Amino acid sequence: MSREPVRLDLPADHADLRHLLVGDEVALYGTVYTMRDAGHERALSYIDLHNRLPFDLVGQTLFYAGPTPPAVGRPHGAIGPTTASRMDFATPQLLRAGITVTIGKGPRSPEVVQACRNLAVVYLAAVGGAAAYLARFVTSSEPIAWADLGTEAVYRLTLRAFPAFVAIDTYGHDLYNPSVVLR
Amino acid sequence: MRYEEQRLDPHEIARLVGKAIGHVACALRPDVLAALKIAQAREKAAQEGSERACSVLSQLIENASIAACDRVPLCQDTGTVWVLLEAGRNCVIPTDIFAEVDAAVADAYASTGLRMSLVRDSLIDRRNSGDNTPAFCELALCPERVGARLHVMLKGGGSDNASRIVMLPPGEGLAGVRRVVVEAIVEKAANACPPLVVGVGVGTTFDKVATLSKRALLRELGSVNERPEIDLFERELLEAVNATGIGPGGFGGQTTALAVHVLTAPSHIAALPVAVNIGCCALRSVSLDVVPGKDKEESGPSATPGDHRRSATPGDHRRSAASNESGRTGSGRAERGVCA
């Protein structure tokens with residue numbers, strides 16, 4: 001059961017995602033986009049209008065996070081995951097539109113677990129309450145859109161060895177609900 | 001016995017709140033840090049399946065060190081500001097005692113680089129208020145004590161969302177309270193950034209019991225409840241909460257909570273109100289005496305929650321209980337020493 005953290009480069013390759021198993025510790029490298037509550041409502045409105053994801057997000061990773069403002073000499077302040085279940089209302093649709101990895105904390109709805117299995121995508125959980133530590137693994141931060149949302153705006157982040165755990169794998173295994181096996 | 005009158009000044013209260021915010025956003029309570037280290041030792045000693053628990057706990061302990069050294073917030077959710085002012089029998093309080101608090105909050109959040117996490121109206125206008133105001137302030141009249149005590153807590157949204165109030169039939173008693181606590185944990189703990197500090201309020205009325213449960217979070221972790229029967233109940237609740245196996249980060253393990261604190265009070269003959277207020281692993285609060293004419297540093301937020309003895313005054317039972325526990329403040333100082 002005990003394994004070294006698995007390296008996952010983002011945006012993720014579907015073959016790489018297939019190798020991840022629930023409970024694995026992963027080290028994330030590459031690009032993710034922050035999006036949380038208000039952003040999800042806007043993303044759904046965009047999909048309704050244009051029938052596709054905004055900002056070329058196909059194949060990309062969503063990180064449910066609202067960072068603190070930048071500290072002196074750092075690309076940003078503290079950054080960590082927010083509760084993922086608040087995004088459940090939008091997640092299956094965003095996954096169908098092309099998101100391949102989501103990062104947050106806490107359990108997801110059965111619909112999200114099912115969507116991860118059907119679409120062979122994953123949900124990763126990071127540690128909540130460790131945002132000063134996690135910020136050390138974020139090497140750049142760039143605002144992309146919806147600046148009027150303040151901390152809820154969309155940022156493109158670059159991660160280097162960012163620690164997380166596989167909470168839902170491509171086979172529909174759920175770290176928070178290990179007794180349920182989807183068919 | 002007569003005591004010298006103490007006039008509380010709105011400007012001084014606001015100054016103390018502002019200073020407290022900058023401090024607690026980046027400095028984990030020493031008692032919480034000590035409890036995380038005890039949990040880490042326990043998870044390391046566990047026979048199997050504790051790798052994730054150990055990984056989470058070492059992240060949290062290193063997080064506290066980085067936050068204190070680099071002056072970076074412990075958590076990106078720098079919370080709502082809760083201010084509780086306990087005024088003793090000798091205090092004279094103007095009705096505008098909290099009038100300057102919001103300005104101090106806005107200034108502290110901007111100057112410390114904290115996140116603005118409030119919307120203007122919860123239902124009708126969910127635009128960000130832009131300066132993390134308003135603060136939520138309470139005044140408690142405490143004729144049993146002398147002098148004023150100020151508590152400041154930054155409360156994250158995820159842990160507050162995991163909290164609840166239940167009006168039990170009185171016949172459910174201890175078992176009913178226990179069921180409410182365990183159900184709240186099973187349903188919501190994984191969202192609330194465990195290991196948790198669980199505040200339980202029992203009694204008063206529907207509107208008051210929530211404050212009771214929030215106040216329970218202020219007590220020092222590891223301190224003994226002065227009421228033996230409640231102390232025993234707290235230990236039983238902690239055991240039941242940790243038996244859920246939800247564990248640090250919600251990834252499994254023996255430590256779902258670091259402590260369960262219970263405050264009880266009288267209630268209606270027909271009522272058994274229960275509130276569960278969940279505190280996260282980055283529980284941020286400070287409690288300090290408002291001392292007129294004293295050295296600012298002594299009454300300021302450098303007086304950590306575990307550091308009660310220097311500022312002890314008569315008439316505060318909780319502190320006199322905690323002050324019997326020597327050496328607990330040492331861990332906080334040792335941690336700060338790492339930065340030097």
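**Exercise 1. Two helices in chain B**

Find helix H2 (residues 30-45) and helix H3 (residues 51-70) of chain B, and work out at what angle they pack and how far apart their axes are.

*Solution.* Step one: in this predicted model, H2(B) and H3(B) pack at an angle of about 155°, and their axes are 9 Å apart. Step two: angles over 145 degrees count as roughly antiparallel, so H2(B) is roughly antiparallel to H3(B). Step three: look at the handedness, and you will find that H2(B) and H3(B) cross in a left-handed way.

**Exercise 2. Who makes the contact?**

List the residues through which H2(B) and H3(B) touch, then sort them by character.

*Solution.* Start with H2(B), which contributes Leu33(B), Leu36(B), Lys37(B), Ala39(B), Gln40(B), Glu43(B) and Lys44(B). From H3(B) come Ala53(B), Cys54(B), Leu57(B), Ser58(B), Leu60(B), Ile61(B) and Ala64(B). Now sort them: the contact of H2(B) with H3(B) has 9 nonpolar, 2 polar and 3 charged residues.

**Exercise 3. Reading a sheet**

Trace the open sheet of 4 strands in chain B and say which strands lie at its edges.

*Solution.* First, follow the order, which is E4-E2-E5-E10 in chain B, with mixed pairing. Next, pick out the edges: strand E4 (136-142) and strand E10 (284-290) of chain B each pair on one side only. From one strand to the next, the twist averages 15°.

**Exercise 4. One pair of strands**

How many bridges join strand E5 (residues 148-155) of chain B to E10(B), and which residue stands opposite Arg149(B)?

*Solution.* E5(B) and E10(B) run antiparallel and are joined by 7 bridges. Opposite Arg149(B) you will find Asp289(B), in E10(B).

Terms used. Residues are numbered from 1 along each chain as its sequence is written. Chains are lettered from A and ligands numbered from 1 in the order in which they are written. This is a predicted model: local features need pLDDT of at least 70, side-chain atom pairs count only at pLDDT 80 or more; totals for chains, interfaces and linings use all residues. Axes are lines fitted to C-alpha atoms, for helices over the stretch in contact, and angles run from 0 to 180 degrees between N-to-C directions. Angles under 35 degrees count as roughly parallel, over 145 as roughly antiparallel, 65 to 115 as roughly perpendicular and the rest as oblique. A crossing is left-handed if the near helix is turned anticlockwise from the far one by less than a right angle, and right-handed if clockwise. Two residues are in contact if their C-beta atoms, placed from the backbone, lie within 7 Å. Ala, Val, Leu, Ile, Met, Phe, Trp, Tyr, Cys and Pro count as nonpolar, Asp, Glu, Lys and Arg as charged, and the others, Gly among them, as polar. Two strands pair if DSSP finds at least two bridges between them.
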